[in-house]
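The following paragraphs lead the reader through the interior of a predicted model. Please keep the sequence at hand while reading.

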Amino acid sequence: MTANTSPQAAEPFDPQSVYAVLICDLIGVRFGPDGKSDPSEVRVHIEAKGGRFHAAALGDKAGLEQGRVHFFYQPDLSTREELIEAAGDGRYDAVIAAATFLPSETVFPIAGVRIGAGTGNMGSRSWGGGSGEGGTAVLMNTPGINSRATAQMVMKAILKVLPDLPVDRLHQRVARGAFDTGRELRDFPTEKLEGKTIAIIGYGNIGREVAKLARAFGMRVVIHARPRHRDWIEAEGFVFAPDLIDAAEGADVLSVHVGLGKQDAQSGRYANAGIIGADVLSRMHKGAVLVNYDRGELVDVAALGEALDAGQLRHAAIDADLFSDASTGRLSGPMLPYLDLVERHGDKLELLPHAAADTDHPSRVAGAKQAVDQLFDVICRKAVTNARGTVPPGYHLLGATTPPGIGPVTADHLLKLTSCNCSELADVCDRQSRLWKALANTPPAERGMIVAEQGEELVRLIDRFCLLAEKLNLRGPYQ
């Protein structure tokens, strides 16, 4: 199933009802003539559905137009205190967030949607925190929206240091005319990515996209995920590692994509906090690269510092939230512990403020539109798409949505094939089958004639089938 984000007629709505939705993250990361981020694409989408868009905070709810869902755009909210003040009293019925962390004290009686896959930042007690287990409100996400953007940024982080050719230094010398290729190029040996091993922790939408890109570079891809994913991981040509340590063994690169996991109600600690620790880092190839473009808490920062000290890691790329109190300048967020490593290892670190995918404008707009659609479904029809955790009684589930080509193949993908699609696939498969059977039924010594006459056609049919499978979103695990 794919998300419906096209403009449409106004949603059916109780003419006496009024609902307020807080949008606490940017829904457009391009800037308009006034120098401010431009949310106009999502605003148009909201208004086409009969909603109202307000570039301000909610004031007196009684003064709002009835029969509408009102969206209040407040992307500058960031700190715990600001969010509790804005939404601690339940004045907003629902919320749309991306990277902003919603404290447990925030209250949204109906629903929350996270733009993106994981929901670890959706900490409101209304739905039971980031896992969505418990509470009385609905928690949803928009999986796959930023998967490709994140995966591409992971590869960008890797390519900064592997292959380890000092591109900047060579450029400077060449630009000065201070280099002789014949005599000096041999002083800069390097190794290509092809043949190196990348360990990917997690086989969700982002992990799978990273795996596909890494394979395109000729890397050996090892994936640690739940046992139920093993058959599909191996069917796609990747190596399955049943244990996290097994995955890290001899890896040149490790990229983690598992999310925070469930939060312990007593300690507040997340299940996956610190899973990338000394035991994992010590198994990697000496001089390896760590990429954590998931959640900052997943890495044991003390163990990371020790691995950088020992040369076990040559580089670490981290993408995590960093917040600054506007009045005091006090810093907070999961990036904070990493800052202690900068003085000793600044040249071995690349620290990003949770920007790897969140600054991709098309992804953010598409995710925001999908979040709007999902909230209208919940409010107008009691229908839930991309549910996380438990769904309160009285709602019905619509399943999951992902962008084309992201996530598993579903029955819906097969049922939506047209007669023309099926006929074309059948024809390609039938023609391939005849050629393969001809080769199988011919003695090896006599196959040369068939290959000479039909080899080009056979390879063309193979390529055609692969392209059709990609185009029709038929590649990947089946769900």
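The largest nonpolar core comprises 34 residues, and those making the most contacts inside it are L254, I276, L281, L290, L304 and L313. At least two residues of this core are supplied by each of β7 (197-201), α8 (244-248), β10 (253-256), α9 (278-281), β11 (288-292), α10 (301-310) and β12 (313-319). The largest share, 5 residues, comes from α10. Apart from this core lies another, of 29 residues, which includes V21, Y73, A94 and I110.

Helix α10 may now be considered in detail. Its buried residues are V301, A303, L304, G305, A307 and L308. An α-helix has 3.6 residues a turn, so residues three or four places apart point the same way. The cover over the buried residues of α10 includes α9, β11, β12, α11 (342-345) and β15 (349-352). At the N-terminal end of α10, D300 acts as a cap, with a side-chain oxygen 3.1 Å from the backbone nitrogen of A302. Just after the helix, G311 adopts a positive phi of about 80°.

Residue L313 illustrates the packing around this helix. Beyond its neighbours within four places in sequence, L313 is in contact with L304, A307 and L308, as well as with L281, M284, G287, A288, V289 and L290.

A polar residue, N292, completes the tour; its place is in strand β11. Is N292 buried or exposed? N292 counts as buried because its relative accessibility is 0%, the cut-off for burial being under 20%. Leaving aside neighbours within four places in sequence, the residues in contact with N292 are V256, L298, V299, A317, I318, D319 and Y338.

Methods. Residues numbered from 1 in each chain as written. Predicted model: local features only at pLDDT ≥ 70, side-chain atom pairs only at ≥ 80, totals over all residues. Heavy atoms only, no water. Core = buried A, V, L, I, M, F, W, Y, C linked by side-chain atoms within 4.5 Å. Buried < 20%, exposed > 50% of the residue type's maximum accessible area, 1.4 Å probe, protein only. Helix = DSSP H or I, 4+ residues; strand = E, 2+ residues; numbered from the N terminus. Contact = heavy atoms within 4.5 Å. Polar contact = N/O pair within 3.5 Å; in protein donor to acceptor, adjacent residues only side chain to side chain.
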